[in-house]
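Visitor: I have a model on my screen and a head full of terms. Could you walk me through how each label is earned?

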Amino acid sequence: MKLLLVLCLQFSLLSSSVQDKPVALTPAEFKEMTSKEKGRVIDVRTPEEFQAGHLKKAQNVDWRGGKFQEEFQNWDKSQTYYLYCATGNRSSQALKMMQEAGFKYVYNVGGYKDLKAAGLKTSKKN
């Protein structure tokens, strides 16, 4: 019985660790990591939120409108992705979905306001 419990626990731990690095990054960690490891920055907020302000070089792929669920399936699973939204909630859901689909390097970098307050470069779409 103990052996079965140990095996179940090990399987659970192995299946839950899709990547060896933490999946949630602080704005400072994100800044440092992107200086070393390039990747795609994905803003999963609505187009209206994106137009009000976003990180420079971010691509808007709306989580709520269903665009994200369609588009990410065609992305390169070996590439690095940095996801953010307004608070980190939608980007967390998007990260989980990508991990379940086999993406190896996906990070939730949190909320836009925190990223902007940390001094990351932002832009407004006119």
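Guide: Happily; here is a short tour by question and reply. Please keep in mind that this is a predicted model.

Visitor: What does the protein chain contain, and in what order do the elements run?

Guide: The protein chain has 6 helices and 6 strands. Starting at the N terminus, the order is α-α-β-α-β-β-α-β-α-β-α-β. Of the 126 residues, 36% are buried. Among contacts between residues at least 6 apart in sequence, 67% join residues at least 24 apart.

Visitor: How are the strands of the open sheet arranged?

Guide: The sheet has 4 strands in the order β3-β1-β4-β5, with parallel pairing.

Visitor: What makes β3 and β5 edge strands?

Guide: β3 (59-60) and β5 (105-111) each have a single partner strand, so one side of each has no neighbour in the sheet.

Visitor: How do you know that β4 and β5 pair?

Guide: Pairing asks for at least two bridges. Strand β4, residues 80-85, shares 5 bridges with β5 in the parallel sense, so the pair meets that requirement. Cys85, for instance, stands opposite Gly111 in β5.

Visitor: Which helices lie on these strands?

Guide: Helix α5 (residues 89-100) packs on the sheet and touches β4 and β5, its direction making about 150 degrees with that of β4. Helix α2 (residues 27-36) lies across β1 (40-43), β4 and β5, also running at about 150 degrees to β4.

Visitor: Why is His54 called buried?

Guide: The cut-off for buried is under 20% relative accessible area. His54, in strand β2 (residues 54-55), has 7% relative accessibility, so His54 counts as buried. The His54 side chain also reaches the backbone oxygen of Phe50 at 3.0 Å.

Visitor: What makes that approach to Phe50 a polar contact?

Guide: A polar contact needs its pair of N or O atoms within 3.5 Å. The 3.0 Å between the His54 side chain and the Phe50 backbone oxygen is within that limit, so the distance fits. Leaving out residues up to four places away in sequence, His54 touches others, including Asp43, Tyr84 and Lys124.

Visitor: Is Asp43 buried or exposed?

Guide: Asp43 sits in strand β1 and is buried, because its relative accessibility is 0% and the cut-off is under 20%. Beyond its neighbours within four places in sequence, Asp43 is in contact with residues that include Phe50, His54 and Tyr84.

Visitor: Why is Lys57 called exposed?

Guide: Exposed means over 50%. Lys57 has a relative accessible area of 81%, so the label follows. Lys57 is in the loop between β2 and β3, and has a positive phi of about 70 degrees although it is not a glycine. Most residues other than glycine have a negative phi.

Visitor: What is the volume of the largest pocket, and which residues are closest to its centre?

Guide: The largest pocket holds about 420 Å³ of space. Of its 13 lining residues, Thr34, Val41, Lys56, Lys57 and Leu120 are the closest to the centre. α2 gives the most to this lining, with 4 residues.

Visitor: What makes Ala101 partly exposed?

Guide: Ala101 has a relative accessible area of 29%, which falls between the 20% and 50% cut-offs, so Ala101 is partly exposed. Ala101 belongs to the loop between α5 and β5. The C-alpha atoms of Ala101 and Lys77 are separated by 8.5 Å, with the two residues 24 apart along the chain.

Methods
Residues are numbered from 1 along each chain as its sequence is written. This is a predicted model: local features need pLDDT of at least 70, side-chain atom pairs count only at pLDDT 80 or more; totals for chains, interfaces and linings use all residues. Side-chain values use heavy atoms; hydrogens and water are left out. Helices (H or I, at least four residues) and strands (E, at least two) are DSSP runs, numbered from the N terminus. Contact means heavy atoms within 4.5 Å. Axes are lines fitted to C-alpha atoms, for helices over the stretch in contact, and angles run from 0 to 180 degrees between N-to-C directions. Buried means under 20% relative accessible area, exposed over 50%, partly exposed in between (1.4 Å probe, protein chains only). A polar contact is a pair of N or O atoms within 3.5 Å; within protein, one must be able to donate a hydrogen and the other to accept it, and residues adjacent in sequence count only if both atoms are side-chain atoms. On a 1 Å grid over the protein atoms alone, a cavity is a set of points where a 1.4 Å probe fits but cannot get out, and a pocket is an open set with protein on both sides within 12 Å along at least five of seven lines; lining residues have an atom within 4 Å of a point. Grid points are joined across faces, edges and corners, and a volume is the space filled by probe spheres set on the points.
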